[in-house]
Amino acid sequence: MIHGPVIVAPDKFKGSLTAPQVAAHIAAGLRARRPDLPIATVPVADGGDGTVDAMVAAGYSRLRTGVAGPVGNRVVPSFAMRGESAVVELAEASGLRRLPDRPTPATALAASSAGVGDLIRTAALRGADRVVLGLGGSACTDGGAGLLTALGARLLDADGRELPPGGAALRRLDRIDRTGLLRVPVTVASDVDNPLLGARGAAAVYGPQKGAGAAEVAELEAGLTRFAEVAARELGIDYAARPGAGAAGGVGFAALAFLDADIRPGIEIMLEQLDFDAQVVGARLVVTGEGNLDEQTLHGKAPIGVARAASRAGVPVVAVSGRRAIDPSALLPFGIEAAHALTDIEPDPEVCMRDAGKLLEHLAGRIARTLHPVSAP
(Lines give C-alpha, C1' and ligand atoms only; values in the text may rest on other atoms or scores of the structure.)
Protein backbone atom coordinates (compact mmCIF):
# COMPACT_ATOMS: atom_id res chain seq x y z
CA MET A 1 0.00 0.00 0.00
CA ILE A 2 1.30 3.48 -0.91
CA HIS A 3 0.77 6.01 1.82
CA GLY A 4 -0.82 9.31 0.85
CA PRO A 5 0.80 12.69 1.34
CA VAL A 6 1.42 14.65 4.47
CA ILE A 7 -0.94 17.65 4.28
CA VAL A 8 0.61 20.80 5.77
CA ALA A 9 -2.29 23.16 6.61
CA PRO A 10 -1.31 25.86 9.14
CA ASP A 11 -2.62 29.35 9.79
CA LYS A 12 -0.22 32.29 10.11
CA PHE A 13 2.12 32.90 13.03
CA LYS A 14 0.93 36.45 13.65
CA GLY A 15 3.71 39.00 13.66
CA SER A 16 6.23 36.49 12.41
CA LEU A 17 5.24 34.39 9.37
CA THR A 18 2.32 34.26 6.94
CA ALA A 19 0.44 30.99 6.56
CA PRO A 20 2.18 30.19 3.22
CA GLN A 21 5.55 30.85 4.87
CA VAL A 22 4.70 28.61 7.83
CA ALA A 23 3.63 25.84 5.45
CA ALA A 24 6.81 26.20 3.39
CA HIS A 25 9.08 25.94 6.44
CA ILE A 26 7.24 22.91 7.81
CA ALA A 27 7.46 21.21 4.41
CA ALA A 28 11.18 22.01 4.20
CA GLY A 29 11.79 20.50 7.63
CA LEU A 30 9.86 17.34 6.74
CA ARG A 31 11.74 16.92 3.44
CA ALA A 32 15.13 17.51 5.05
CA ARG A 33 14.57 14.56 7.35
CA ARG A 34 12.44 12.43 5.03
CA PRO A 35 12.96 13.22 1.32
CA ASP A 36 10.75 10.23 0.43
CA LEU A 37 7.62 11.88 1.88
CA PRO A 38 5.00 13.20 -0.52
CA ILE A 39 3.89 16.58 0.87
CA ALA A 40 1.07 18.94 -0.06
CA THR A 41 0.98 22.45 1.41
CA VAL A 42 -2.48 23.95 2.00
CA PRO A 43 -2.13 27.20 4.00
CA VAL A 44 -5.37 28.15 5.75
CA ALA A 45 -6.97 31.15 7.44
CA ASP A 46 -10.02 31.84 9.58
CA GLY A 47 -11.23 35.03 7.92
CA GLY A 48 -8.89 37.45 9.68
CA ASP A 49 -5.47 38.74 8.70
CA GLY A 50 -3.86 36.52 6.10
CA THR A 51 -7.05 35.22 4.51
CA VAL A 52 -6.25 36.67 1.09
CA ASP A 53 -2.69 35.30 1.27
CA ALA A 54 -4.04 31.81 1.97
CA MET A 55 -6.48 31.99 -0.93
CA VAL A 56 -3.76 33.17 -3.33
CA ALA A 57 -1.56 30.27 -2.23
CA ALA A 58 -4.50 27.98 -3.08
CA GLY A 59 -4.71 29.25 -6.65
CA TYR A 60 -6.84 32.37 -6.45
CA SER A 61 -5.66 35.45 -8.33
CA ARG A 62 -4.53 38.44 -6.31
CA LEU A 63 -6.05 41.73 -7.46
CA ARG A 64 -5.22 45.20 -6.14
CA THR A 65 -7.12 48.46 -6.17
CA GLY A 66 -6.76 51.82 -4.47
CA VAL A 67 -9.39 52.59 -1.83
CA ALA A 68 -9.98 54.91 1.11
CA GLY A 69 -8.23 53.75 4.27
CA PRO A 70 -9.91 53.86 7.68
CA VAL A 71 -9.36 57.63 8.16
CA GLY A 72 -9.49 58.66 4.51
CA ASN A 73 -5.84 57.87 3.82
CA ARG A 74 -5.24 56.23 0.47
CA VAL A 75 -4.31 52.53 0.61
CA VAL A 76 -3.85 49.84 -2.03
CA PRO A 77 -5.18 46.57 -0.58
CA SER A 78 -5.62 43.27 -2.37
CA PHE A 79 -8.45 40.79 -2.64
CA ALA A 80 -8.64 37.31 -4.15
CA MET A 81 -10.74 36.00 -7.03
CA ARG A 82 -11.21 32.69 -8.80
CA GLY A 83 -13.92 32.49 -11.40
CA GLU A 84 -16.98 34.24 -9.99
CA SER A 85 -15.94 33.83 -6.36
CA ALA A 86 -14.16 36.63 -4.47
CA VAL A 87 -12.57 36.73 -1.04
CA VAL A 88 -12.29 40.13 0.64
CA GLU A 89 -10.45 40.75 3.90
CA LEU A 90 -11.64 43.73 5.93
CA ALA A 91 -8.23 44.23 7.54
CA GLU A 92 -6.69 44.78 4.11
CA ALA A 93 -8.63 48.02 3.60
CA SER A 94 -10.10 49.10 6.94
CA GLY A 95 -7.82 47.43 9.46
CA LEU A 96 -5.80 48.86 12.32
CA ARG A 97 -2.63 48.25 10.33
CA ARG A 98 -3.97 50.65 7.68
CA LEU A 99 -4.00 53.61 10.06
CA PRO A 100 -1.21 56.06 9.22
CA ASP A 101 -0.17 56.04 12.89
CA ARG A 102 -1.18 54.36 16.12
CA PRO A 103 -4.90 54.41 17.02
CA THR A 104 -6.09 57.42 19.03
CA PRO A 105 -9.42 58.55 20.53
CA ALA A 106 -9.92 60.73 17.43
CA THR A 107 -9.39 57.84 14.99
CA ALA A 108 -11.66 55.62 17.06
CA LEU A 109 -14.53 58.07 16.54
CA ALA A 110 -13.88 58.81 12.86
CA ALA A 111 -12.60 55.53 11.40
CA SER A 112 -14.73 54.15 8.58
CA SER A 113 -15.35 50.83 6.86
CA ALA A 114 -15.74 52.51 3.45
CA GLY A 115 -12.58 50.90 2.10
CA VAL A 116 -13.87 47.38 2.47
CA GLY A 117 -17.07 48.47 0.75
CA ASP A 118 -14.93 49.74 -2.13
CA LEU A 119 -13.27 46.32 -2.34
CA ILE A 120 -16.63 44.53 -2.47
CA ARG A 121 -17.88 46.89 -5.18
CA THR A 122 -14.71 46.34 -7.22
CA ALA A 123 -15.04 42.56 -6.91
CA ALA A 124 -18.66 42.74 -8.05
CA LEU A 125 -17.77 44.92 -11.04
CA ARG A 126 -15.12 42.36 -11.99
CA GLY A 127 -17.77 39.66 -12.15
CA ALA A 128 -17.97 38.23 -8.63
CA ASP A 129 -21.44 36.87 -7.96
CA ARG A 130 -20.59 35.90 -4.38
CA VAL A 131 -18.20 37.52 -1.92
CA VAL A 132 -16.70 35.94 1.16
CA LEU A 133 -16.00 38.77 3.60
CA GLY A 134 -13.42 38.01 6.27
CA LEU A 135 -13.85 40.11 9.40
CA GLY A 136 -11.15 40.87 11.92
CA GLY A 137 -8.55 43.48 12.81
CA SER A 138 -10.79 46.46 12.03
CA ALA A 139 -9.94 50.04 12.94
CA CYS A 140 -13.57 51.20 12.75
CA THR A 141 -16.61 51.13 15.02
CA ASP A 142 -19.10 52.52 12.52
CA GLY A 143 -21.59 49.66 12.33
CA GLY A 144 -20.64 49.12 8.71
CA ALA A 145 -21.99 52.56 7.76
CA GLY A 146 -18.94 53.26 5.61
CA LEU A 147 -19.31 49.93 3.82
CA LEU A 148 -22.91 50.83 2.95
CA THR A 149 -22.04 54.28 1.63
CA ALA A 150 -19.30 52.78 -0.56
CA LEU A 151 -21.94 50.44 -1.98
CA GLY A 152 -24.22 53.35 -2.82
CA ALA A 153 -26.40 53.98 0.25
CA ARG A 154 -26.77 57.48 1.71
CA LEU A 155 -26.91 58.06 5.48
CA LEU A 156 -28.69 61.36 6.08
CA ASP A 157 -29.33 63.68 9.00
CA ALA A 158 -32.61 65.48 9.69
CA ASP A 159 -31.70 68.21 7.16
CA GLY A 160 -31.03 65.67 4.40
CA ARG A 161 -27.25 66.08 4.57
CA GLU A 162 -24.96 63.07 4.30
CA LEU A 163 -23.20 62.16 7.51
CA PRO A 164 -19.40 62.30 7.74
CA PRO A 165 -17.50 59.03 8.27
CA GLY A 166 -17.20 57.29 11.61
CA GLY A 167 -19.31 55.82 14.35
CA ALA A 168 -19.70 59.01 16.37
CA ALA A 169 -21.50 60.80 13.51
CA LEU A 170 -24.25 58.15 13.54
CA ARG A 171 -25.82 59.90 16.56
CA ARG A 172 -27.25 62.39 14.03
CA LEU A 173 -28.67 59.77 11.67
CA ASP A 174 -32.26 60.39 10.61
CA ARG A 175 -32.83 58.11 7.61
CA ILE A 176 -31.06 55.76 5.21
CA ASP A 177 -31.52 56.14 1.47
CA ARG A 178 -31.03 52.67 -0.03
CA THR A 179 -32.07 53.60 -3.58
CA GLY A 180 -28.56 53.22 -5.01
CA LEU A 181 -27.37 50.38 -2.76
CA LEU A 182 -25.50 47.67 -4.66
CA ARG A 183 -26.75 44.43 -3.15
CA VAL A 184 -23.89 41.97 -3.38
CA PRO A 185 -24.44 38.44 -2.03
CA VAL A 186 -22.08 38.16 0.93
CA THR A 187 -21.05 35.38 3.28
CA VAL A 188 -19.33 36.71 6.38
CA ALA A 189 -16.43 34.70 7.74
CA SER A 190 -16.21 35.45 11.46
CA ASP A 191 -15.88 33.63 14.76
CA VAL A 192 -17.25 36.57 16.76
CA ASP A 193 -20.76 36.15 18.20
CA ASN A 194 -21.03 39.54 19.92
CA PRO A 195 -24.19 41.60 19.43
CA LEU A 196 -23.97 45.16 18.18
CA LEU A 197 -24.85 46.91 21.44
CA GLY A 198 -24.40 46.61 25.19
CA ALA A 199 -21.71 45.26 27.47
CA ARG A 200 -20.70 42.63 24.88
CA GLY A 201 -21.19 44.96 21.94
CA ALA A 202 -18.85 46.39 19.34
CA ALA A 203 -18.02 49.63 21.17
CA ALA A 204 -17.69 48.28 24.71
CA VAL A 205 -15.60 45.21 23.89
CA TYR A 206 -13.51 46.27 20.91
CA GLY A 207 -13.53 50.09 21.06
CA PRO A 208 -10.63 50.30 23.54
CA GLN A 209 -8.46 48.21 21.18
CA LYS A 210 -9.03 50.91 18.56
CA GLY A 211 -8.03 53.89 20.69
CA ALA A 212 -11.33 54.66 22.42
CA GLY A 213 -11.39 55.75 26.04
CA ALA A 214 -14.49 55.64 28.21
CA ALA A 215 -15.91 58.84 26.73
CA GLU A 216 -15.35 57.64 23.15
CA VAL A 217 -16.89 54.26 23.90
CA ALA A 218 -20.02 56.06 25.14
CA GLU A 219 -20.15 58.20 21.97
CA LEU A 220 -19.73 55.18 19.73
CA GLU A 221 -22.37 53.23 21.65
CA ALA A 222 -24.79 56.13 21.20
CA GLY A 223 -24.05 56.25 17.48
CA LEU A 224 -24.51 52.51 17.00
CA THR A 225 -27.72 52.60 19.04
CA ARG A 226 -29.15 55.30 16.78
CA PHE A 227 -28.03 53.39 13.68
CA ALA A 228 -29.79 50.24 14.94
CA GLU A 229 -32.98 52.19 15.75
CA VAL A 230 -33.19 53.79 12.30
CA ALA A 231 -32.36 50.51 10.55
CA ALA A 232 -35.05 48.65 12.52
CA ARG A 233 -37.61 51.32 11.69
CA GLU A 234 -36.85 51.22 7.97
CA LEU A 235 -36.33 47.47 7.59
CA GLY A 236 -39.01 46.29 9.99
CA ILE A 237 -36.53 43.92 11.66
CA ASP A 238 -34.07 44.59 14.48
CA TYR A 239 -30.72 42.96 13.74
CA ALA A 240 -28.75 44.51 16.60
CA ALA A 241 -29.00 41.49 18.92
CA ARG A 242 -28.09 38.93 16.25
CA PRO A 243 -24.93 36.93 17.03
CA GLY A 244 -22.06 38.39 15.03
CA ALA A 245 -23.66 41.82 14.55
CA GLY A 246 -20.87 43.32 16.65
CA ALA A 247 -18.08 41.78 14.55
CA ALA A 248 -15.48 44.20 13.18
CA GLY A 249 -16.95 47.27 14.82
CA GLY A 250 -20.45 46.42 13.67
CA VAL A 251 -19.67 45.61 10.03
CA GLY A 252 -21.39 42.31 10.77
CA PHE A 253 -24.56 44.29 11.55
CA ALA A 254 -24.55 46.10 8.20
CA ALA A 255 -23.92 42.88 6.30
CA LEU A 256 -26.76 41.08 8.09
CA ALA A 257 -29.28 43.91 7.89
CA PHE A 258 -28.64 45.38 4.46
CA LEU A 259 -26.88 42.68 2.41
CA ASP A 260 -28.85 39.66 3.70
CA ALA A 261 -25.54 38.05 4.63
CA ASP A 262 -25.12 34.89 6.59
CA ILE A 263 -22.35 34.64 9.20
CA ARG A 264 -20.41 31.41 9.52
CA PRO A 265 -17.19 30.34 11.25
CA GLY A 266 -14.31 31.61 9.15
CA ILE A 267 -12.34 28.40 9.03
CA GLU A 268 -15.35 26.43 7.77
CA ILE A 269 -15.80 28.80 4.84
CA MET A 270 -12.09 28.85 4.04
CA LEU A 271 -11.86 25.05 4.05
CA GLU A 272 -14.81 24.91 1.67
CA GLN A 273 -13.11 27.40 -0.64
CA LEU A 274 -9.99 25.20 -0.57
CA ASP A 275 -11.99 21.98 -1.11
CA PHE A 276 -10.09 20.68 1.88
CA ASP A 277 -12.34 17.67 2.55
CA ALA A 278 -11.41 16.25 -0.86
CA GLN A 279 -7.72 17.05 -0.46
CA VAL A 280 -7.38 15.29 2.87
CA VAL A 281 -8.86 11.95 1.76
CA GLY A 282 -6.12 9.32 1.79
CA ALA A 283 -3.54 11.50 3.53
CA ARG A 284 -1.24 9.85 6.02
CA LEU A 285 -0.96 12.88 8.34
CA VAL A 286 -2.13 16.48 8.62
CA VAL A 287 0.12 19.10 10.23
CA THR A 288 -1.74 22.25 11.29
CA GLY A 289 -1.10 25.07 13.72
CA GLU A 290 -1.04 28.78 14.51
CA GLY A 291 1.10 31.24 16.38
CA ASN A 292 -0.42 30.57 19.80
CA LEU A 293 -2.34 27.49 20.87
CA ASP A 294 -4.52 28.66 23.75
CA GLU A 295 -8.10 28.59 25.02
CA GLN A 296 -9.24 30.65 22.03
CA THR A 297 -7.99 27.90 19.74
CA LEU A 298 -10.56 25.53 21.21
CA HIS A 299 -13.43 27.80 20.14
CA GLY A 300 -13.23 27.03 16.45
CA LYS A 301 -9.97 28.63 15.37
CA ALA A 302 -8.17 27.38 12.27
CA PRO A 303 -6.33 24.36 13.79
CA ILE A 304 -9.57 23.01 15.24
CA GLY A 305 -11.40 23.36 11.92
CA VAL A 306 -8.58 21.59 10.10
CA ALA A 307 -8.47 18.83 12.71
CA ARG A 308 -12.22 18.24 12.51
CA ALA A 309 -12.05 17.89 8.74
CA ALA A 310 -9.11 15.52 8.95
CA SER A 311 -10.80 13.45 11.65
CA ARG A 312 -13.87 12.99 9.44
CA ALA A 313 -11.54 11.41 6.91
CA GLY A 314 -9.81 9.28 9.54
CA VAL A 315 -6.48 11.10 9.18
CA PRO A 316 -4.29 11.78 12.25
CA VAL A 317 -3.36 15.37 13.07
CA VAL A 318 -0.47 17.05 14.85
CA ALA A 319 -0.19 20.77 15.60
CA VAL A 320 2.71 23.20 15.70
CA SER A 321 2.71 26.68 17.23
CA GLY A 322 4.94 29.46 18.40
CA ARG A 323 3.83 28.91 21.96
CA ARG A 324 1.37 26.58 23.67
CA ALA A 325 -0.72 27.92 26.55
CA ILE A 326 -2.93 24.83 27.00
CA ASP A 327 -2.27 21.23 27.89
CA PRO A 328 -2.03 19.07 24.76
CA SER A 329 -4.67 16.78 26.25
CA ALA A 330 -7.24 19.55 25.66
CA LEU A 331 -6.69 19.09 21.93
CA LEU A 332 -7.27 15.34 21.89
CA PRO A 333 -11.11 15.54 21.64
CA PHE A 334 -10.70 17.48 18.40
CA GLY A 335 -8.42 14.87 16.84
CA ILE A 336 -5.06 16.58 17.47
CA GLU A 337 -2.82 13.82 18.75
CA ALA A 338 0.27 15.89 19.54
CA ALA A 339 1.17 19.58 19.86
CA HIS A 340 4.67 20.96 19.37
CA ALA A 341 5.70 24.55 20.13
CA LEU A 342 8.77 26.57 19.21
CA THR A 343 9.15 27.35 22.91
CA ASP A 344 9.74 23.63 23.47
CA ILE A 345 13.13 24.04 21.82
CA GLU A 346 13.79 27.77 22.36
CA PRO A 347 12.48 29.33 25.60
CA ASP A 348 13.17 32.94 24.55
CA PRO A 349 10.00 34.30 22.85
CA GLU A 350 11.98 37.00 21.02
CA VAL A 351 14.24 34.40 19.46
CA CYS A 352 11.18 32.34 18.52
CA MET A 353 9.70 35.34 16.72
CA ARG A 354 12.98 36.20 14.98
CA ASP A 355 13.98 32.67 13.99
CA ALA A 356 10.53 31.13 13.60
CA GLY A 357 11.24 29.63 10.18
CA LYS A 358 14.41 27.84 11.23
CA LEU A 359 12.82 26.57 14.44
CA LEU A 360 9.75 25.34 12.56
CA GLU A 361 11.97 23.29 10.28
CA HIS A 362 13.59 21.74 13.34
CA LEU A 363 10.19 20.84 14.81
CA ALA A 364 9.07 19.41 11.48
CA GLY A 365 12.14 17.19 11.47
CA ARG A 366 11.04 15.81 14.83
CA ILE A 367 7.61 15.06 13.39
CA ALA A 368 9.14 13.36 10.35
CA ARG A 369 11.09 10.97 12.55
CA THR A 370 7.84 9.59 13.97
CA LEU A 371 6.47 8.57 10.55
CA HIS A 372 6.84 5.09 9.12
CA PRO A 373 8.69 4.71 5.85
CA VAL A 374 6.68 5.17 2.67
CA SER A 375 5.87 1.70 1.40
CA ALA A 376 6.47 0.68 -2.19
CA PRO A 377 3.70 -0.44 -4.59
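**Close-up views of a predicted model**

**View 1. Across the hairpin of strands E6 and E7, Arg82 stands opposite Ser85 in E7.** The model shown is predicted. Strands E6 and E7 (residues 85-89) are paired in the antiparallel sense, over three bridges. Two residues lie between the strands of this hairpin, and Gly83 takes a positive phi near 65 degrees there. Strand E6 spans residues 78-82 and is mostly covered, with four of its five residues buried.

**View 2. Strand E3 (residues 61-64) runs antiparallel to E6, to which four bridges join it.** Ser61 has Met81 of E6 as its bridge partner. Arg64 stands opposite Ser78, which is also a residue of E6.

**View 3. An open sheet of six strands has the order E3-E6-E7-E8-E11-E12.** Its pairing is mixed. E3 and strand E12 (262-264) form the edges, each pairing on one side only. From one strand to the next, the twist averages 25 degrees. Helix H10 (residues 266-273) packs on this sheet and touches E6, E7, strand E8 (130-134), strand E11 (186-189) and E12. The direction of H10 makes about 120 degrees with that of E11.

**View 4. Five strands, paired in parallel, form an open sheet in the order E2-E1-E13-E14-E15.** At the edges are strand E2 (39-41) and strand E15 (336-341), each of which pairs on one side only. Neighbouring strands are turned against each other by 20 degrees on average, direction ignored. Helix H12 (residues 302-312) packs on the sheet, with contacts to E1, strand E13 (285-293), strand E14 (317-324) and E15. Between the direction of H12 and that of E13 the angle is about 165 degrees.

**View 5. Strands E1 (residues 6-10) and E2 run parallel and are joined by three bridges.** For Ile7, the bridge partner in E2 is Ala40.

**View 6. Helix H8 (residues 214-235) packs against helix H9 (residues 251-258) at an angle of about 5 degrees.** The two axes are 12 Å apart. H8 is therefore roughly parallel to H9, the cut-off for that term being under 35 degrees. On the H8 side the contact is made by Phe227, Ala228, Ala231 and Leu235. On the H9 side it is made by Phe253, Ala257 and Phe258. The residues of this contact divide into seven nonpolar, no polar and no charged.

**View 7. The largest nonpolar core has 63 residues.** Those with the most contacts inside this core are Val131, Leu133, Leu147, Leu155, Phe227, Phe253 and Phe258. Phe227 of H8, together with Phe253 and Phe258 of H9, also belongs to the helix contact of the preceding view. Leaving aside residues up to four places away in sequence, Leu155 touches Ala145, Thr149, Arg161, Glu162, Leu163, Leu170, Leu173, Arg175, Ile176 and Phe227. A second core, separate from this one, has 38 residues, including Val52, Tyr60, Val132 and Leu274. In soluble globular proteins, nonpolar side chains tend to be buried together.

Notes: Residues numbered from 1 in each chain as written. Predicted model: local features only at pLDDT ≥ 70, side-chain atom pairs only at ≥ 80, totals over all residues. Heavy atoms only, no water. Pairing = 2+ DSSP bridges. Axes fitted to C-alpha atoms, helices over the stretch in contact; angles between N-to-C directions. Contact = heavy atoms within 4.5 Å. Core = buried A, V, L, I, M, F, W, Y, C linked by side-chain atoms within 4.5 Å. Buried < 20%, exposed > 50% of the residue type's maximum accessible area, 1.4 Å probe, protein only. Parallel < 35°, antiparallel > 145°, perpendicular 65-115°, else oblique. Nonpolar A, V, L, I, M, F, W, Y, C, P; charged D, E, K, R; others polar.
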